[in-house]
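Student: I'm new to this one and would like a close look at a single part. Could you pick a helix and walk me through what surrounds it?

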Amino acid sequence: MTGRELRVWPGRPAPLGASWDGAGTNFSVFSESAELVELCLFDVEGVETPVRLPECIGGVWHAYLPDVGPGTRYGFRASGPRAPGDLHRRSKLLLDPYARAVSGTIHWNDAVEADDDTDSAPYVPRSVVVNPWFDWGTDRRPDTPWHETVLYEAHVKGLTQLHPDVPEPHRGTYLGLCAPAVIDHLRSLGVTAVELMPIHQFVHDRRLVEAGLRNYWGYNSIGFFAPHNDYAVGGHDGEQVQEFKVMVKTLHEAGIEVILDVVYNHTAEAGAGGPILSFRGLDNRAYYRLDPQDPAVYVDYTGTGNSLNMRHPHVLQLIMDSLRYWVEELHVDGFRFDLAATLARELHDVDRLSAFFDLIQQDPVVSRVKLIAEPWDVGEGGYQVGNFPPLWSEWNGRYRDCIREVWRGGSGHLGEFAARLTGSSDLYEDDGRHPHASINFVTAHDGFTLTDLVTYEQKRNEANGEDNHDGTDDNRAWNCGIEGPTEVPEVVQLRARQRRNLMATLLLSQGVPMLVAGDELGRTQHGNNNAYAQDNEISWVDWSDPDSSMLSFTRNLVALRSGNPVLQRRHFLTGDPVGGDGRPDVARFRSDGEQMVSHDWDNGTTAVAVWFNGELAEVGPRGEVARGTTLLLGANLGAEAIEWMLPGPHWGGQWRVVVDTASGMPADGAVADTASRVRGGERLELSGRCLVVLELDPLSGDER
C-alpha cells in the first residue's frame with residue numbers, strides 16, 4: 001500500500017486517538033508545538049506508509065482514512081522547532097497517547113534514546129486500531145457498598161502463572177484471572193473486589209532487560225488507554241482489549257468488582273536521556289514538568305525521572321479521557337492512584353484542591369466509581385495520609401505501621417492501636433469522611449509478604465542486582481527469634497500465630513480491608529521486599545502447597561466480618577449511648593474488666609478489650625434499623641499470658657469465643673462448643689501475643 005492508494009479526508013479533531021466507525025478510521029493527536037505530524041501505517045510485513053495529517057485545530061492534528069480498519073498498526077512522526085525543551089525528531093516513531101492497543105515491545109537500541117536522526121521504527125512497538133464492539137450482554141457492575149468491600153490486591157500474571165487448574169495457555173493472562181478455579185477461590189475467600197496491579201501498557205526498562213530482569217510490577221506506563229499486551233493470549237492486533245473485557249464481564253458475573261492500579265504521575269520515558277516513545281516526541285513541554293530555569297531538566301516528584309504536567313489542560317484531558325474510557329467502555333469499577341500526591345502538585349506544594357481533584361469531583365462518570373489514593377510521593381511534603389478530599393479513600397500507611405509495630409512488641413502504641421482498630425477517625429472524621437476512607441492493609445505488593453513479615457527482619461533483595469541497597473529498611477518486622485526459615489517448633493508455631501494476629505486485626509478493623517494475593521496461602525518471596533523486577537517464582541503465587549489452616553482461618557474471618565454489620569459500620573464510632581439501655585456504641589476495657597481512662601493508654605499496659613454494641617444507631621439501605629451481634633475483642637500484645645476479667649454482666653451475660661489466634665479458631669468454620677463459653681465478669685486466660693473475639697450468645701437472651 002502506498003500513500004497514493006490511500007484516501008485521506010480531513011476528519012475530526014475529536015475524539016483523540018484512532019476511532020473506527022465501521023467504514024473507516026479517524027486519527028487525531030495533540031501537539032501544539034509541532035509544525036508537521038505524519039501518520040505512519042504499517043502493513044503485515046512491516047512496510048511503512050507515511051500520511052501527512054492535513055488538518056490542525058487548536059494543536060490537534062487529524063485526518064479520516066476510509067480504507068483503514070481494525071488491526072491496522074500505526075504510529076506518528078512529529079517535526080518541529082528545536083527550542084529548549086522541544087524534542088521533535090521525524091526519525092522517532094511515536095506511540096499514539098490515546099492508542100487503545102499496542103503491538104510489540106521495545107527492542108532496546110541507542111536509536112530509541114538518542115536525540116538524533118537515527119530511525120527508531122525498527123525497535124519500538126506500534127499502536128493498533130481496534131474494533132470497539134463487544135457483547136456485554138446483561139453486564140452490571142456489582143456496585144458493592146464501600147462498607148461491605150473486601151479488597152484483594154493481585155497481579156494478573158503472578159496470580160495465575162503457576163495455578164495448576166488454569167488452562168496452560170491462559171496462565172498469566174486476563175483469561176486466566178477469570179478462569180473458574182480462580183473465581184472459585186476468590187468467592188470462597190469472600191473477596192468483593194480485585195485491585196489489579198498496573199495493566200496499562202508499560203515498558204520494561206533498558207537497565208532491567210540488559211540485566212536479565214523485567215519491570216514485573218508495571219509501574220512504568222506508556223499507554224493509558226491500552227491493556228498491557230503481555231497479559232493476553234493474543235496480544236498483537238488488539239485481542240487484548242477483547243480479552244480484558246471478557247475478564248471484567250466474568251468477574252462481574254461472580255459479583256466481583258475490578259479496580260485498576262493506575263500510574264498517571266509519570267511515564268516510561270524517564271528523564272533527560274530517556275527513550276523517545278510518545279509524549280516526549282509529540283510535545284515534551286506540554287506533557288512534562290520541566291524546570292522553568294532549564295527546560296532540559298525534568299521536575300521529578302516520583303523518583304522515576306519525570307512527572308506529568310498536571311497544570312496543562314491537555315494533560316488533564318488525557319487523564320480524564322483515560323479514566324472515563326476504562327469506566328464506560330471497559331466497565332471497570334474504580335481506580336487506585338499510584339503516588340497520588342504528585343497529581344495534586346500544581347506549583348510545588350501538594351494542593352488538596354488542585355485542578356485534577358476538582359475535575360474528578362465534578363465528573364459525572366469518574367466521580368461515581370471507587371477512588372483510592374496512595375497518599376504520598378517522594379517530593380517534599382509528599383506524605384499526605386488523611387488529607388485527600390472527601391470523595392476519596394486512601395491507603396492508610398499509618399494503619400500498616402501501627403499494626404506491624406504493636407504485634408512485633410513495640411511499646412507505647414496502645415492508644416493508636418485502638419484508634420486504628422476503630423477506623424482511624426483521627427485521620428478522616430474531621431472533614432466529614434467515613435470509615436471507608438481508610439483502606440486498611442498490613443502488607444502490599446511493595447514490601448514483605450505476610451509470611452516474610454514474621455520470618456525476616458532484614459531484606460534479601462540480592463536477586464534485584466542492586467547489592468541489596470534497594471527496598472525499604474523500615475520493615476517493622478519480627479522474625480520471632482530466628483532469621484529466615486526454620487524448623488524449630490516453637491518458632492514455627494509463634495510465626496503462625498503472628499500471621500493470624502495480623503490477619504485477624506486487619507479483617508476485624510473498621511474501614512476497608514485489603515488482602516494481598518497469596519498471603520492467605522502462606523506465600524513467601526524469600527525475604528525480598530522489593531520484587532519489582534522479579535517476573536519469576538519469587539513473585540508468582542505458588543499454589544502447589546498452600547497453608548490450608550491459614551486459608552481456612554482467613555476465609556472464616558472474612559465470613560465473620562461479612563455476616564455482622566458491627567464490623568461493617570458506615571459511620572465512625574462515637575462512644576455515645578445508643579438504644580434504650582444507655583450503653584454506648586463502643587467501650588474500651590482494661591484486663592481487670594474496668595473501663596479504660598486516659599492515663600491507662602500510656603502506663604505501659606499491653607492489653608486492651610474493645611466492646612462493640614450490636615445496636616448500631618444506623619439505618620439500613622431500605623430504611624430498616626440496622627442491628628448486628630455485640631462483640632468483645634480482646635488483644636494481649638505482650639509476650640506473657642494474662643488473666644483477663646471480662647466486663648460485668650451489664651455489658652453482656654454470656655459470651656462464646658468465635659476467634660482465638662492462639663488456637664487458630666476459626667480454622668474450620670465450626671461454631672464454638674459449650675467449652676468456649678464464658679460469662680460476663682468471669683476470668684479468661686489470654687495467651688501471650690493473642691487476639692480473641694467473643695460474640696454475645698444470642699441464645700442466652702443477653703442481646704438487647
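Tutor: Sure, let's take helix 7, where Phe-279, Arg-280, Gly-281, Leu-282, Asp-283, Asn-284, Ala-286 and Tyr-287 are buried (under 20% relative accessible area with a 1.4 Å probe, protein chains only; exposed is over 50%, partly exposed in between). This is a predicted model, where local features need pLDDT of at least 70, side-chain atom pairs count only at pLDDT 80 or more, and totals for chains, interfaces and linings use all residues. Residues are numbered from 1 along each chain as its sequence is written, and side-chain values use heavy atoms, with hydrogens and water left out.

Helix 7 spans residues 279–287, and eight of its nine residues are buried, so to speak "mostly covered". Helices (H or I, at least four residues) and strands (E, at least two) are DSSP runs, numbered from the N terminus. The cover over those buried residues includes strand 2 (25–30), strand 7 (73–79), strand 13 (221–227), strand 15 (290–291), strand 16 (294–298) and helix 8 (313–328); contact here means heavy atoms within 4.5 Å.

Now zoom out. The protein has 16 helices and 31 strands. Its radius of gyration, taken over C-alpha atoms, is 27 Å, close to the 27 Å from the globule rule (2.2 Å times the number of residues to the power 0.38) for 704 residues, so the protein is as compact as a globular protein of that length. Across those 704 residues, 61% are buried. Of the contacts between residues at least 6 apart in sequence, 72% join residues at least 24 apart.
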